[in-house]
Structure formats: structure tokens, C-alpha cells
Amino acid sequence: ASLTGIFDDPDSINAAESVATDLSGSAGGIVDGRDVRVRITDEAGNSLVVTPSPVLATGDWSVTALDVSSLVDGTLTLTSTATDVAGNTASAQDTITLDTTAAVQIDESTTGTGDDKVNAAEDELTPLSGSVSDVEPGQVLSYTLTDSLAATVTGTATVNVAGQWSVSEDISALVDGQIDLSVSIQDIAGNPAVDSFSFQKDATVNLTAEFVDSNPITAATVG
């Protein structure tokens, strides 16, 4: 008797996939109608047993939309076991990585020059920066800066080996007032992460002038 059993996703399981994971396999020398016992174990020793057990049909078995989100991130081990009518047991194992987390942060102490206000000298090189967690180096972050008139400036930044990202952006085309920054990124497994922050732009200098004369001109002084 022989048996196979695999995770249908070839790479990894992300948060969206963890609530609907598919498994499948096949058997040799085991008649249809026999149960296949399926267990998934994480690195912490937690186990998830599939109930009811899938049943062999035309030599194959499958499980669809299995929720494995209760297991911890890391390596998952799938163990499948079946017994033929003579009592011979066949088993198979497969592994995959469960990766359900990703996060991105905007560094509010440096973004927008760090004082929450961008002036005329700063708006052509406005610093944007932050960090990520559970996101691999080399992943590309997208950002959008939006002013009160809904005009936007967009761009990208790449995560470095220290888990940080930074870029300087020209926002001189945006109007004075509140500037909303939003960032988004995905890790290799496909988990999304977003963050947002607002700061002020004030790049306009207002200048007023008036005449001040302590000795006003009158008819008497002219005469």
C-alpha cells in the first residue's frame, strides 16, 4: 500500500489562505471508500485533525477550504495515513510555511521633516521614512501623498536589510495645508500591510506693507 498527501499551495500559506487551505493526495493498493486520516502540526506542537476524514475515491482524496489559522506561523507538517483491507498502513508527509503577518510603520519623527510642517525650503525634498516587520528585504513599498484638493504624488521605496525604508519626495505641486501620506506593502507570502500619517505644508510667505510716517503731510506743512 502507498499513499501521498500534499498542501496544494506550492509556496506558503498567507493570512487570506489560512482560512481556506486545500490538501490532496492519492493511494495505491488501497481500495476506494477507505478513510484517510489527516493531521497538521505546527512548530509549537499544536495539531489540527481533519474531521470527518476524507475518503478515497478513484484512488484520490482531498480536503478543501480547511481553516488552519489557529496554528502558529512557521513550518506546518501534514501527515496523512490510510490502511488497506489487509491491515497494511501507508503514510505520507508534506511541509509548508505558514506566514500570516506583515506590518509597516511610518516614522513620524522624521517624515515631513519631523516637525509636522514642511516649508518652502523643504517641499522639494520632503523626507518619508519608516520600517517594516515580518516583511522581507527587497520588497517594494508604495506611497501616496494627497493634498486638500485631492491632488496626489505617488512613488515607491525598497525595504533594506535592516527592515527600513526611506525616500525624499518633491511635494511642491501640492497645495498648502494638510498632506495625507498613505503607504502599503506586501510580504513575499502576500500578506498586506498599510499605514498612514498626516502633516502640514506651509510654503507660502505672506508679506504686507503699510506707510508709517510720524510727521504726516498736511496743508500747513506744504504751504
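**Figure 1. An open sheet of five strands in the predicted model**. The order of the strands is S3-S9-S8-S5-S6, and their pairing is mixed. Strand S3 (12-13) and strand S6 (47-49) are the edge strands, each of which pairs on one side only.

**Figure 2. The pairing of strands S8 and S9**. Strand S8 comprises residues 74-83 and strand S9 comprises residues 89-98. The two strands run antiparallel and are joined by 10 bridges. One residue pair may be followed in detail: Thr-79 has Gln-93 in S9 as its bridge partner.

**Figure 3. The surroundings of Ile-40 in strand S5**. Strand S5 spans residues 37-41, and Ile-40 lies in this strand. Is Ile-40 buried or exposed? Its relative accessible area is 0%, so Ile-40 is buried. When neighbours within four places in sequence are left aside, Ile-40 is in contact with several residues, including Phe-7, Leu-23, Leu-48, Leu-66 and Val-68. Further contacts of Ile-40 include Leu-71, Leu-76, Thr-77 and Leu-78. Thr-64 stands 24 residues from Ile-40 along the chain, and the C-alpha atoms of these two residues are 14 Å apart.

**Figure 4. The one aromatic pair of the structure**. An aromatic pair is described by the distance between the ring centres and the angle between the ring planes. For Phe-197 and Phe-199, the centres are 6.4 Å apart and the planes are at 35 degrees. Why is the pair tilted? The angle of 35 degrees is neither under 30 degrees, as in a stacked pair, nor over 60, as in an edge-to-face pair, and therefore the pair counts as tilted. Phe-197 is buried, with a relative accessible area of 11%, and Phe-199 is also buried, at 2% relative accessibility.

Terms used: Residues are numbered from 1 along each chain as its sequence is written. This is a predicted model: local features need pLDDT of at least 70, side-chain atom pairs count only at pLDDT 80 or more; totals for chains, interfaces and linings use all residues. Side-chain values use heavy atoms; hydrogens and water are left out. Helices (H or I, at least four residues) and strands (E, at least two) are DSSP runs, numbered from the N terminus. Buried means under 20% relative accessible area, exposed over 50%, partly exposed in between (1.4 Å probe, protein chains only). Contact means heavy atoms within 4.5 Å. Rings of Phe, Tyr and Trp (its six-membered ring) pair if their centres lie within 6.5 Å; planes under 30 degrees apart count as stacked, over 60 as edge-to-face and the rest as tilted. Two strands pair if DSSP finds at least two bridges between them.
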